[in-house]
Amino acid sequence: MTDSQNKAHPDADLNRQALDFHALPRPGKIGTEVTKPAVTQHDLSLAYTPGVAEPVRRIHADPDLAYSYTNKGNLVAVITDGTAVLGLGNVGGLAGKPVMEGKAVLFKRFADIDCFDIEVDAESPQAFIETVARIAPTFGGINLEDIAAPHCFEIEQALIEQLDIPVFHDDQHGTAIIIAAGLLNALELQGKTLAEARIVVLGAGAAGIAGVRLLLALGAHRDNIFCVDRQGIIHLGRQDLNPYKFGVAVETEKRTLAEAMEGADVFIGVSGPDLVAPEMVAAMAPRPIVFALSNPVPEIRPAVALAVRDDLVMATGRSDYPNQINNVLGFPFIFRGALDVRASRINEAMQIAAVEALRALAREPVPAEVLEAYGLKELSFGPDYIIPKPFDPRLRERVPAAVARAAIDGGVARLPTDH
């Protein structure tokens with residue numbers, strides 16, 4: 001974008017501030033810190049040669065001691081190939097680096113987890129998999145980020161099978177977990193159940209397919225979920241489906257988004273801006289739920305949706321509307337719980353534990369410090385509050401503990417929570 005184009009852009013002022021923020025007083029958003037004294041010659045002899053030789057020998061004899069003598073146990077790699085960066089598409093790994101640095105900031109700010117961001121120039125999914133597998137010994141966990149579907153599914157599954165540390169594609173599972181937590185609370189408020197709800201999911205990429213899978217694990221009925229992509233409803237008669245889309249296909253005579261929305265209880269949008277017409281929301285069942293999560297412009301704007309339905313519960317991906325479905329509610333705390341017990345993976349039970357912890361927290365009285373942070377006088381469980389706020393300090397206690405307990409119960413933890 002040229003300077004003249006940028007000046008005319010509606011976000012010109014924000015863009016200028018963002019560039020200054022990233023460039024000044026030193027480029028980038030993250031760095032490293034030394035965690036041991038490095039003041040005297042003796043300090044250096046312990047930090048490096050000759051003292052460093054002893055932990056090397058110990059780790060060589062017992063690799064698990066890397067957790068005792070290095071930062072491995074609190075270090076996560078945020079790794080991308082840059083093929084699906086935010087709403088910007090395939091911009092490449094280097095252009096995606098500001099996003100990966102931003103993810104590292106969130107890990108540190110919310111869960112005190114250290115991160116290295118790694119941008120991989122890979123010519124194929126297999127090359128990416130091999131690269132990540134080769135560098136994995138450095139880390140206690142791998143957070144995959146901004147990798148386009150369908151390759152993201154293949155990449156994540158291969159790495160889960162090959163590695164003995166948690167591998168988590170946040171665009172899949174992180175989004176799915178926050179959606180599920182908010183949706184379960186919204187369904188209760190609307191007097192509905194997940195098992196009976198008719199659900200429309202617009203967008204069949206990483207978030208859409210992972211969201212369907214998690215909702216099925218939580219009790220949704222397969223025949224009640226219509227996934228919709230650019231060609232319409234994903235049904236069993238289509239010949240253009242990859243294995244991942246085929247896994248969410250249903251037998252139906254319906255073909256269009258408008259047809260899917262007729263009588264639907266729930267709409268979940270993980271697609272693009274302004275794709276849902278007011279008439280579609282008007283055609284939904286009584287007391288509908290609309291999660292329009294495209295960012296920054298949702299599939300339908302809250303004011304438009306509420307103008308045709310005053311009985312709905314609505315969520316978006318934006319912080320300036322109620323009920324923001326924000327991944328920062330999940331991934332820092334999920335990794336915190338997994339790292340705390342040295343989990344070998346983040347399995348479905350751990351994901352569901354995070355869902356239930358988030359769901360329960362939204363029902364509790366909101367601390368004064370949260371109200372102050374958001375400039376609110378009051379906030380309580382209801383149509384405008386179905387999911388906790390990101391700055392709620394209780395997230396740091398509740399979600400990691402629930403995830404860690406599920407890891408222990410599921411046999412994927414190598415340490416008890418009270419280690």
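**Exercise 1. Determine where Arg287 is found and whether it is buried or exposed.**

Solution. Arg287 is found in the loop between α13 (278-282) and β9 (289-292), where helices (H or I, at least four residues) and strands (E, at least two) are DSSP runs, numbered from the N terminus. This is a predicted model, in which local features need pLDDT of at least 70 and side-chain atom pairs count only at pLDDT 80 or more, while totals for chains, interfaces and linings use all residues. Residues are numbered from 1 along each chain as its sequence is written, and side-chain values use heavy atoms, with hydrogens and water left out.

Next, consider the backbone: Arg287 has a positive phi of about 55° although it is not a glycine. Most residues other than glycine have a negative phi, and most peptide bonds are trans. Finally, Arg287 is partly exposed, with a relative accessible area of 38%; buried means under 20% relative accessible area, exposed over 50%, and partly exposed in between (1.4 Å probe, protein chains only).

**Exercise 2. Describe the phi of Asp146 and its surroundings.**

Solution. Asp146, which is not a glycine, has a positive phi of about 55°. Its place is the loop between β3 (141-144) and α8 (151-162). Asp146 is buried, with a relative accessible area of 3%.

**Exercise 3. Locate the cis peptide bonds at Pro25 and Pro50.**

Solution. Leu24 and Pro25 are joined by a cis peptide bond with an omega of about -5°, and Pro25 lies in the loop between α2 (12-23) and α3 (41-47). Thr49 and Pro50 are likewise joined by a cis peptide bond, here with an omega of about 10°, and Pro50 is placed in the loop between α3 and α4 (53-61).

**Exercise 4. Describe how α9 and α10 pack.**

Solution. Two packed helices are described by the angle between their axes and the distance between the axes. For helix α9 (residues 170-189) and helix α10 (residues 206-218), the angle is about 50° and the axes are 8 Å apart; axes are lines fitted to C-alpha atoms, for helices over the stretch in contact, and angles run from 0 to 180 degrees between N-to-C directions. The helices α9 and α10 are therefore oblique to each other, given that angles under 35 degrees count as roughly parallel, over 145 as roughly antiparallel, 65 to 115 as roughly perpendicular and the rest as oblique.

The contact (heavy atoms within 4.5 Å) involves residues of α9, including Ala176, Ala180 and Leu184, and residues of α10, including Ala207, Ala210 and Leu214.

**Exercise 5. Give the strand order of the six-stranded sheet and identify its edges.**

Solution. The six strands form an open sheet with mixed pairing, in the order β7-β6-β5-β8-β9-β10; two strands pair if DSSP finds at least two bridges between them. At the edges stand β7 (232-233) and β10 (313-316), each with a single partner strand, so one side of each is left without a neighbour in the sheet. Within the sheet, strand β5 (residues 199-202) runs parallel to strand β6 (residues 225-229), joined by four bridges, and Val200 stands opposite Phe226 in β6. Helix α9 packs on this sheet, touching β8 (266-269), β9 and β10, and its direction makes about 160° with that of β9.
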